[in-house]
Amino acid sequence: RTSHQNVRTPIPNVITTIPGSGPQQRPVILGNHRDAWVFGAADPNSGTAALLELARGLGELQKTGWQPERTIILCSWSGEEYGLVGSTAWAEHNGPLVSQ
């Protein structure tokens, strides 16, 4: 037996930007969704682990004074299982950026 409720809840995206040092160029955008349909789902976990490890490594590099030549944008999107809601909303909100 299951029980369901229809409720509105926020679908937050987590986005960070590491500014590049070079002239304005197209940014490097890396992203992954983190939501899943069921408990313990493996679908987004490998991509989330890779994205978090990349963020950790880039953070360590920044501590040494490193700065990338191109801007890097790391995106952790929610709402993918409901129809690519998080990534689509982010792309629509950042149209000029993603159309470069």
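**Surface, fold and largest pocket of the predicted chain**

The accessible surface of the chain comes to about 7,300 Å², and carbon and sulfur atoms account for 54% of that area. These values, like those that follow, were computed from a predicted model. With regard to burial, 23% of the 100 residues of the chain count as buried, where buried stands for a relative accessible area under 20%.

The secondary structure consists of three helices and three strands, and these elements succeed one another along the sequence in the pattern β-β-α-β-α-α. The chain is more spread out than a compact globule, because its radius of gyration is 16 Å, a value well over the 13 Å that the globule rule gives for 100 residues. The extent of the C-alpha trace was also computed, and along the principal axes of the chain it spans about 55 × 30 × 20 Å. As for contacts within the chain, of those between residues at least 6 apart in sequence, 72% join residues that are at least 24 apart.

Empty space was examined next. Rolling a probe the size of a water molecule over the atoms shows where such space is left. The largest pocket holds about 280 Å³ of space, and its lining includes the run of residues H4, Q5, N6, V7, R8, T9, P10 and I11. The lining of this pocket also draws on D35, together with S78, G79 and Y82. When the lining residues of the largest pocket are sorted by class, six are polar, four are nonpolar and two are charged.

Technical notes. Residues numbered from 1 in each chain as written. Predicted model: local features only at pLDDT ≥ 70, side-chain atom pairs only at ≥ 80, totals over all residues. Heavy atoms only, no water. 1 Å grid on protein atoms, 1.4 Å probe; cavity = no way out; pocket = protein on both sides within 12 Å on 5 of 7 lines; lining within 4 Å. Points joined across faces, edges and corners; volume = space filled by probe spheres on them. Nonpolar A, V, L, I, M, F, W, Y, C, P; charged D, E, K, R; others polar. Helix = DSSP H or I, 4+ residues; strand = E, 2+ residues; numbered from the N terminus. Rg over C-alpha atoms; globule rule 2.2 N^0.38 Å. Buried < 20%, exposed > 50% of the residue type's maximum accessible area, 1.4 Å probe, protein only. Contact = heavy atoms within 4.5 Å. Areas by Shrake-Rupley, 256 points an atom, 1.4 Å probe, with all protein chains shown as cover.
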